[in-house]
Amino acid sequence: DRLRPARGAFHALDADALPGSKRYAETPAERAEYRARANRLAEAVLGAPAPIWISTARFGAPPGPDGPERRLRLDPVLTWVEPEEDPEDERGIGVHAAPFDWAPGSLDALFDGIGADPVSAVLFSPRREAVLAPYEGGFDVLLADPQALARLQARHPDRRPPDPHGL
């Protein structure tokens, strides 16, 4: 599969990471709930097992030996540095990406690191024209197929797109 632009507009859904729209997992039980929700949503959005692409962006220092980029064998794509007058204030962003054979549980370490690491991740399914972007407070979902979005919303009626048009 190759990454390519979708033919039309994407339709969005914002899903909560924890019950009651709680933003930060503070206990092992809440981290387990975040991980479980991430896997259920990833399975619904990406399929399972499924070939996907993973992209990460890390702010600041390069990944250490235990960083998700190394564990998942992601390739460095680019490093961007925002120039500042004082070099001490410069912030770098390292982007890594690679194809990945996703299955439930295979990205638990990545999901566990969201919020704990200065790294963000985006999961792409070219086959389903779908994007899943986990963040500490939830998950952004972008789907090219409006019917797929309607089915996902029917399974999660408390989730609403950020825009009434689903954009």
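This note walks through the predicted model point by point.

1. **Overall make-up.** Start with the fold as a whole. The chain contains four helices and seven strands. Their order along the sequence is β-α-β-α-β-β-α-β-β-β-α. Trace that pattern on the model before turning to single residues.

2. **Burial and contacts.** The chain has 167 residues, and buried ones make up 40% of them. Look next at contacts with a separation of 6 or more: 67% of these join residues 24 or more positions apart. The accessible surface comes to about 9,600 Å². Carbon and sulfur atoms account for 54% of that surface.

3. **Salt bridges, in total.** How many salt bridges does a search of the whole structure find? The count is seven. The next points take some of them in turn.

4. **Glu-33 and its arginines.** Glu-33 forms a salt bridge with Arg-37. The closest N and O atoms of this pair are 2.8 Å apart. Both residues sit in helix α1, which covers residues 28-46. They are four residues apart, or about one turn of the helix. Glu-33 also has a salt bridge with Arg-40, where the closest N and O atoms are 3.8 Å apart.

5. **Buried or exposed?** Compare the labels for the first pair. Arg-37 has a relative accessibility of 16%, so it counts as buried. The cut-off for buried is under 20%. Glu-33 has a relative accessible area of 27%, so it is partly exposed.

6. **A link across the chain.** Arg-35 and Asp-112 meet through their side chains in a salt bridge, at 2.4 Å from N to O. This pair links distant parts of the chain. Arg-35 belongs to helix α1, while Asp-112 belongs to helix α3 (residues 108-113). The two are 77 residues apart. Arg-35 counts as partly exposed, at 22% relative accessibility. Asp-112 is also partly exposed, at 35%.

7. **A small network.** Which residues are linked with Glu-30 in a network of salt bridges? They are Lys-22 and Glu-26. Glu-30 is in helix α1. Its relative accessible area is 19%, so Glu-30 is buried. Leave out residues up to four places away in sequence, and Glu-30 touches Leu-18, Lys-22, Tyr-24 and Ala-25. Lys-22 therefore turns up twice for Glu-30: in the salt-bridge network and in the list of residues touched.

8. **A negative patch.** Now look at the surface. Glu-82, Glu-84, Glu-85, Asp-86, Glu-88, Asp-89 and Glu-90 form a negative patch there. One of these residues, Asp-89, lies in the loop between β3 (75-82) and β4 (91-102).

9. **A nonpolar patch.** Val-77, Leu-78 and Trp-80 form a nonpolar patch on the surface. Together they have about 300 Å² of accessible area. Leu-78 is found in strand β3. What is its exposure label? Leu-78 counts as partly exposed, because its relative accessibility is 43% and that label runs from the 20% limit for buried to the 50% limit for exposed.

10. **A cis peptide bond.** Check the backbone between Ala-48 and Pro-49. The peptide bond from Ala-48 to Pro-49 is cis, with omega near -15°. Pro-49 is in the loop between α1 and β2 (50-59).

11. **Positive phi angles.** Two residues deserve a look here. Arg-73 is not a glycine, yet it has a positive phi of about 55°. It lies in the loop between α2 (68-71) and β3. Arg-73 counts as exposed, at 70% relative accessibility. Glu-129 is not a glycine either, and its phi is positive too, at about 50°. Glu-129 is placed in the loop between β5 (119-125) and β6 (130-135).

12. **What to revisit.** Go back to helix α1 with the model open. Glu-33 and Arg-37 both lie there, Glu-30 is there, and so is Arg-35, whose partner Asp-112 is in helix α3. Then return to strand β3. Leu-78 of the nonpolar patch is in that strand, and the loop that holds Asp-89 of the negative patch runs between β3 and β4.

Definitions and conventions:
Residues numbered from 1 in each chain as written. Predicted model: local features only at pLDDT ≥ 70, side-chain atom pairs only at ≥ 80, totals over all residues. Heavy atoms only, no water. Patch = residues over 30% accessible without salt bridge, like charges linked within 9 Å, V, L, I, M, F, W, Y side chains within 5 Å. Areas by Shrake-Rupley, 256 points an atom, 1.4 Å probe, with all protein chains shown as cover. Salt bridge = Lys/Arg side-chain N within 4 Å of Asp/Glu carboxyl O. Lys, Arg positive; Asp, Glu negative; His and termini not counted. Charge placed at Lys NZ, Arg CZ, Asp CG, Glu CD. Buried < 20%, exposed > 50% of the residue type's maximum accessible area, 1.4 Å probe, protein only. Contact = heavy atoms within 4.5 Å.
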